Amino acid sequence: MADTATKTEEAHSDHHDDHHHDQSFWSKYVFSTDHKVIGMQYMLTGVAMALIGGFMSYVFRMQLAFPDESVPFFGRVSSLEYNALVTNHGTIMIFWVAMPILIAAFGNFLIPLMCGCDDMVFPRINRLSYQVFLLSAVVLVISFFVPGGGFGGAWTAYPPLSANAEYSLTPMGSTLWILAVALEFVAFLMGGINFITTAMNARAKGMRMFDIPLVVWMIVIASILFMISVGPLIAGAIMLLLDQLVGTAFFNPFRGGDPILWQHLFWFFGHPEVYVVLLPALGIVGEIIPTFARKKFFGYKLALYTVFATGILSFVVWAHHQFIAGVDPRMVHLFTVTTLLISIPIAELCFLYIATLYGGSISFKTPMLWALAFVVEFLIGGVTGIHLGASGADIYMHDTYFVVAHFHYTFFPIAIIGFYAGITFWFPKWTGCMLNEFWGKVHFWLTIIPFNCIFIPLFILGMGGQHRRIYNHQHFSELATPEYQNLRIFATVSLIVMLLAQVIFFVNIILSLRKGKKAGKNPWKANTLEWTTESPPGHGNFKELPEVYRGPYEYSVPGRKEDYWPQDQKE
Amino acid sequence: MSDHEDHEHAHPDYKKIYYVLLVLLVVSIFGPELVKNIENRIIVVTVVLITAFVVAFIKAGMVAAWFMHLDVENKIVWFLMAICLLCMLVFLAGVSPDVLNTEGDNWQNSRKVGAIPSKPLE
Amino acid sequence: MSFQIPIATSRNLTGVPTGRLGVWWIVASEIVIFGGLLAAFLMYRLHHGDEWAKEAGKTNIWCGSINTFVLLTSSYFVVLAHKAAGENKLQEAYKYIWWTIAGGGIFMCVKFYEYTSKIFPEWYYTQQIIEEKGIESITITTSVFWAFYFTATGIHGVHVLGGMVIMAIIAHDAKKGKFLHRVENIGIYWHFVDLVWIFLFPLFYIASGL
């Protein structure tokens, strides 16, 4: 059987070599089934959506800092518009930025390359998944411009606010919003099936379970978590859609429904979703740290078991988002315990990263800076989570800016720092050009410092009791003090500095593509399989499909001349 | 390449399985019908639970095991299905205390908790 | 447009062929979708007890039973099609797949009757009978029970329709001996649709006594 397998593989690769020339622009970049192109499409769409989401945050932060004044490039913000902006900022940043960039873009690009195969196992489903995703993004953007404006019931879409147009005042916006989210789920279900099946079935010869690079593991586990957790929410989305459009009463307490059910359906997905986007970012960091510390990853298997534990625990913590929603007090105790428990595996992973650094010969290249920043900033996010996970403290903190600051300290490292770490690390492989180190570092510091300046004031404001859904704090005398207002202005100015600093990144990319150094096959001297092929990899990825002889993190092995040992080298 | 290989497993006698499934279907239709007019609540509940739901699980198990070939499939698939079902049980366990809670149905402020004072507070 | 199936697709590390593994993952994602819906229904059903038992008594148990029978039979046919495809009897496989599709068709016809007799009783009964028996038109907005009834059976019906379309395509290929492994894959999906019905049937139709 193995013999026939090799033969088919050989026959295939012969065919591959003479197969692709003269493809038109459309079939090469738009309707391609090639995983690298699809990954790039996801990446560009995600970045475009990030710009929209970033612009939204600028508008509503301006409203908070300078209430009821006309915002440059937007105009005056009404309370309805404010709600729509906040809602769609959250939705976009999670579903259209973190998910496509971290899972879909990096997953598509890395899984076949790191597993040593020529493409995803279902390339056409992969293409379809991107097309559905693009459609979902278009539907969401359209929803801002329909009569009544975009949906403004928060990204959690609690009924009855989201279920009845007479409450939400956005009859079309809320329907399109649910439709967009549902389409996005379908896209990621298809993508996830592809990732999981590829990593399970199509790994290179010799690659055993524990030779798979961490980031592939993490993306696969994230896909599994997503797939299992999203089911009830898809059912719930259909129910909510029927409530909106047809007038059923699934979540209407006046007619026998139960709004708490939606909260459960939502958070049963919503909490594992945090780990769905966290794990790929942790994986990216887990690739970068050993490469730039030139050390074997400390406790590779332990890290995997920790991630398994996180995955399992992530399914039993969801109700900590509902402590004050009127859920059963006995369950609240249970969920407090599980919530505090889940910080253990995540803390353990951070310790493993630090232990990997210990005694290594660290070089602070840009990707490494981002990776270290991830660990530090995520730690702050995790530690502040303890306050919110404990039900007693949460009763005070719930729905204040403390919560906002807390989850931005987790999501910003995940979505933005994780993205920059990954893109600066794999940019040479993706395009064949090196990024400029100096401007990369300038961009890093101009992002990280303002980021902290935005959210540390929000912690203080939150502990002062500032509620997160107020659009003009001047209406509340206790919150309208000049001390608080100065903190808000400080956060807003920091946000503008941070957003402007991103221009450096884009300019850096364009200049590096034009004039950057050629990267060569393996600029970072890393071990995993994607570094053994050309940069950028051609169609079919490898000239000869590689074979794997060892784990992915064999750095500085005693007795070897070089301090790295690629997975596909026999000796 | 493995097209032939995975068909090597012997096919079970599908006809027999099919007939057993039909018998179970008849049981599940007539079981609840038979006890429809019995007064004793315990008997009714037991019979309906067994004929409707236990039989449904047996039928589902038979279809999964022999029609979907889970009996000879790689254990990983079986494991996967079990995890999905388990997660649904977790969901049910976590949510039912809230949804099954009848306190607050047709809510009236009979104890005047947080009642609005007739006179505005000073 | 030429499309080359990548080498990755032919690899098979777990021993489960890639296509079949993909279908299993689809089934897994469907389990949680239906699982969430049915778990929600179950909790509401227990919450509302007697009130909903009365409503559940109004579902058409004979339609439900016929449909269970039809789906079980079509499941039997699709497994025979898989067996025939494994033995390379193309014509037989083609025949059995079409019998399965016919089963799906009968299922949808019964479903059509069931829905319309609920929503438009005047189509099937004279005005006199309607008044004598007090039959009322029941729609998705009548109560939450009926909302669940139409939603769950409706989503299931969409799966049946989708399966029928895919099977027609596969039958077309199987006749020429192409993609024979897909016969088994669609079979797994079809059995899953059958499984969902096996649980919908007691939940909505026969357990009205509880």
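**Entry 1: chain C on its own**

I began with sequence separation in chain C: among contacts (heavy atoms within 4.5 Å) between residues at least 6 apart in sequence, 75% join residues at least 24 apart. A note to self on the ground rules: this is a predicted model, where local features need pLDDT of at least 70 and side-chain atom pairs count only at pLDDT 80 or more, while totals for chains, interfaces and linings use all residues. Residues are numbered from 1 along each chain as its sequence is written, chains are lettered from A and ligands numbered from 1 in the order in which they are written, and side-chain values use heavy atoms, with hydrogens and water left out.

Next I looked up the secondary structure, taking helices (H or I, at least four residues) and strands (E, at least two) as DSSP runs numbered from the N terminus. Chain C comes to eight helices and zero strands, so I had a short pattern to write down, by that definition of elements: α-α-α-α-α-α-α-α from the N terminus on. I also noted the C-alpha trace of chain C, which spans about 65 × 35 × 35 Å along its principal axes. Of the 210 residues in chain C, 62% are buried, where buried means under 20% relative accessible area, exposed over 50%, and partly exposed in between (1.4 Å probe, protein chains only).

**Entry 2: a glutamate in chain C**

I then picked E114(C), which sits in helix α5 (residues 90-119) of chain C. Is E114(C) buried or exposed? E114(C) counts as buried, because its relative accessibility is 0%. I listed its contacts, leaving aside neighbours within four places in sequence: N60(C), C63(C), N67(C), Y149(C) and Y205(C). For a distance check I took F41(C), which is 73 residues from E114(C) in sequence and 20 Å from it in space, C-alpha to C-alpha.

**Entry 3: chain B**

Chain B was a quick look: I found three helices and zero strands, in the pattern α-α-α along the sequence. Buried residues make up 35% of the 122 residues in chain B. I repeated the separation count here, and residues 24 or more positions apart account for 63% of the contacts in chain B with a separation of 6 or more.

**Entry 4: where chain C meets chain B**

I counted 53 residues from chain C and 52 residues from chain B in this contact. The two chains bury about 4,600 Å² between them, 78% of it on carbon and sulfur atoms; buried area is the accessible area (1.4 Å probe) that two parts lose on being put together, summed over both.

How many salt bridges are there between chain C and chain B? I found one, a salt bridge being a side-chain nitrogen of Lys or Arg within 4 Å of a carboxyl oxygen of Asp or Glu. E73(B) forms it with R20(C), and the closest N and O atoms are 2.8 Å apart. I also found seven residue pairs in polar contact between these chains, both residues at pLDDT 80 or more. A polar contact is a pair of N or O atoms within 3.5 Å; within protein, one must be able to donate a hydrogen and the other to accept it, and residues adjacent in sequence count only if both atoms are side-chain atoms.

On the side of chain C that touches chain B, the elements that give two or more residues are α2 (18-48), α4 (61-86) and α8 (181-206). Helix α2(C) gives the most, with 16 residues. I split that side by residue type into 32 nonpolar, 16 polar and five charged. Here Ala, Val, Leu, Ile, Met, Phe, Trp, Tyr, Cys and Pro count as nonpolar, Asp, Glu, Lys and Arg as charged, and the others, Gly among them, as polar.

**Entry 5: where chain C meets chain A**

This contact takes 38 residues from chain C and 49 residues from chain A. I noted a buried area of about 3,700 Å², of which carbon and sulfur atoms give 71%. I7(C), R11(C) and W25(C) supply 20% of the area that chain C buries against chain A, more than any other three residues. I found zero salt bridges between chain C and chain A, but 15 residue pairs in polar contact, both at pLDDT 80 or more.

The elements that give two or more residues to this side of chain C are α1 (7-10), α2 and α7 (144-175). Which of the elements gives the most to the side of chain C that touches chain A? It is α2(C), with 15 residues. This side divides into 23 nonpolar, 14 polar and one charged residue.
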